[in-house]
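Biologist: I've got this one open on my screen and would like to talk it through with you. Can we go feature by feature?

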Amino acid sequence: LFDGIYPFYPQQRKAASFDISIIIVIVVFLTLACSFLLIIPGIRGRARLYWTLRVLLSLFVGVVIVVVQFTGDWETGWVQANTSYKSFSRAVVNVDIGLHIGLEGVNITLKGNPVKQINETINYNEHFPWSFSSNYDRSYSEGLEKGLPSPILYVAEKFSSQSPCAVHRQYRISGHYASATLWVAFCTWIISNILFSMPALVYGGYMLLVTGAFMTFSLLSFSTVRNSPMCLIQIGAATLHVAYGGSFWLTLVVGLLCFVAGITVVALHHLNLDLLKTFFDLREDKAEEHQEMAEVYVNSYFVNKAL
């Protein structure tokens, strides 16, 4: 025993607050945004505002499509309850229990009110993955071996493949196809940016519509889990209910944004092409071409000779 720590035994893990994959994605897109902001002073006139609006909106759509793949709040729920803390113990603690469901697994949060109770720090955030490359039941068994608090194990057991709730397969398949359609949406987002830079404006608008469609498909895929009735999660005298979380609504908003942007581009292409070219900074180039053609000098001697 050294300063209250057993050095040869695994220590209690701290609660995770942010996924490292989300941090990496955000840093990459922030780097792209900062790089663009460094060169924006070189763009003259109103085109500077148009470029800033287009690039930042495009980066926002891209970062959302990727980040929601790794978030754990597609469905969330919280409850405060008085419950037993560990098996074979009569100790009762007051805790906040959170359930956060993502595309690749479930996070279960347990935090005491207050955090220090019964001579322990009650602050857990355990992740149980159900993606095709993971084994949920093995993660649950490892939690049993580690002796996780009873509320965490009770909630995690509801999503196991052996649970009478029978929601494990539904969540696993729905999350897999929602993730796959989001990756397709990310590819179509890249194609739309390529088409806008070529420029092939109307086809870029069509690809934005396709991007919004695949984001909508991902939402529909995940929402199919509601077809399976969820067992009641009764913790003490309280019941834990889940509802759609921030990632679900953020994906819906960005999908609608892609629809609006795509419809606007296609409509302007057919109704007001000059305004669309102005927004994409194409009219200035055309004016320069006409100006260069107007400054061409013709030798009248060679013209008369040819005639």
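Biologist: Let's start with N119: is it buried or exposed?

Modeller: Keep in mind that this is a predicted model. N119 sits in the loop between strand 3 and strand 4. Exposed means over 50% relative accessible area. N119 has a relative accessible area of 84%, so it counts as exposed.

Biologist: And what is the phi of N119 near?

Modeller: Most residues other than glycine have a negative phi. N119 goes the other way, with a positive value in a residue other than glycine: its phi is near 60°.

Biologist: Which way does I118 go, positive or negative phi, and what value is it near?

Modeller: I118 is also placed in the loop between strand 3 and strand 4. At 40% relative accessibility, I118 counts as partly exposed. I118 isn't a glycine, yet its phi is positive, near 45°.

Biologist: Is the peptide bond joining N113 and P114 cis or trans?

Modeller: Most peptide bonds are trans. P114 belongs to strand 3, which covers residues 105-117. For the bond joining N113 and P114, omega is about 0°, and that bond is cis.

Biologist: Moving to the helices, how do helix 1 and helix 2 run, roughly parallel or roughly antiparallel?

Modeller: Helix 1 covers residues 20-39 and helix 2 residues 47-67, and their axes come within 10 Å. The axes cross at roughly 170°, and angles over 145 degrees count as roughly antiparallel. That makes the pair roughly antiparallel.

Biologist: Which residues of helix 1 make that contact?

Modeller: On the helix 2 side, the contact uses W51, T52, V55, L56, L59, G62, V63, V66 and V67. Facing them from helix 1 are I22, V25, I26, F29, L32, A33 and F36.

Biologist: How many residues of that contact are nonpolar?

Modeller: No charged residue takes part in the contact of helix 1 with helix 2. The polar residues there come to 2, and the nonpolar ones to 14.

Biologist: Which residues does the UniProt annotation "transmembrane region" cover?

Modeller: The annotation comes from an unreviewed entry. One of its spans, residues 51-70, is 85% helix and 0% strand in the model, with end C-alpha atoms 30 Å apart. Another, residues 203-222, is 100% helix, and its end C-alpha atoms lie 29 Å apart. According to the record, the annotation covers residues 20-39, 51-70, 177-196, 203-222 and 242-268.

Biologist: Now the cysteines: which two form a disulfide?

Modeller: Searching the whole structure turns up 1 disulfide. A pair of sulfur atoms counts if they are within 2.5 Å. Here the sulfur atoms are 2.2 Å apart, and the partners are C165 and C231.

Biologist: How many residues apart are C165 and C231?

Modeller: C165 is in the loop between helix 4 (150-157) and helix 5 (168-197). C231 is in the loop between helix 6 (201-223) and strand 5 (233-235). The pair links distant parts of the chain, 66 residues apart.

Biologist: Is that disulfide left-handed or right-handed?

Modeller: C165 is buried, at a relative accessible area of 9%, whereas C231 is partly exposed at 26%. The torsion about the S-S bond of C165 and C231 is about -135°, so the disulfide is left-handed.

Biologist: What about C258, buried or exposed?

Modeller: Buried means under 20% relative accessible area. C187, at 44%, counts as partly exposed. C258 has 1% relative accessibility, so C258 is buried.

Biologist: What separates the C-alpha atoms of W130 and G175?

Modeller: W130 lies in the loop between strand 4 (120-129) and helix 3 (136-146), and at 1% relative accessibility it counts as buried. Beyond its sequence neighbours within four places, W130 is in contact with several residues, among them I101, F159, H168 and R172. W130 and G175 are 45 residues apart along the chain, and their C-alpha atoms are separated by 9.0 Å.

Biologist: Last one: which residues is S179 in contact with, leaving aside its neighbours within four places in sequence?

Modeller: S179 is placed in helix 5. Its relative accessible area is 12%, so S179 is buried. With those neighbours left aside, S179 is in contact with Q69 and L103.

Definitions and conventions: Residues numbered from 1 in each chain as written. Predicted model: local features only at pLDDT ≥ 70, side-chain atom pairs only at ≥ 80, totals over all residues. Heavy atoms only, no water. Axes fitted to C-alpha atoms, helices over the stretch in contact; angles between N-to-C directions. Helix = DSSP H or I, 4+ residues; strand = E, 2+ residues; numbered from the N terminus. Parallel < 35°, antiparallel > 145°, perpendicular 65-115°, else oblique. Contact = heavy atoms within 4.5 Å. Nonpolar A, V, L, I, M, F, W, Y, C, P; charged D, E, K, R; others polar. Buried < 20%, exposed > 50% of the residue type's maximum accessible area, 1.4 Å probe, protein only. UniProt positions renumbered as here; feature names shortened; annotations may be inferred.
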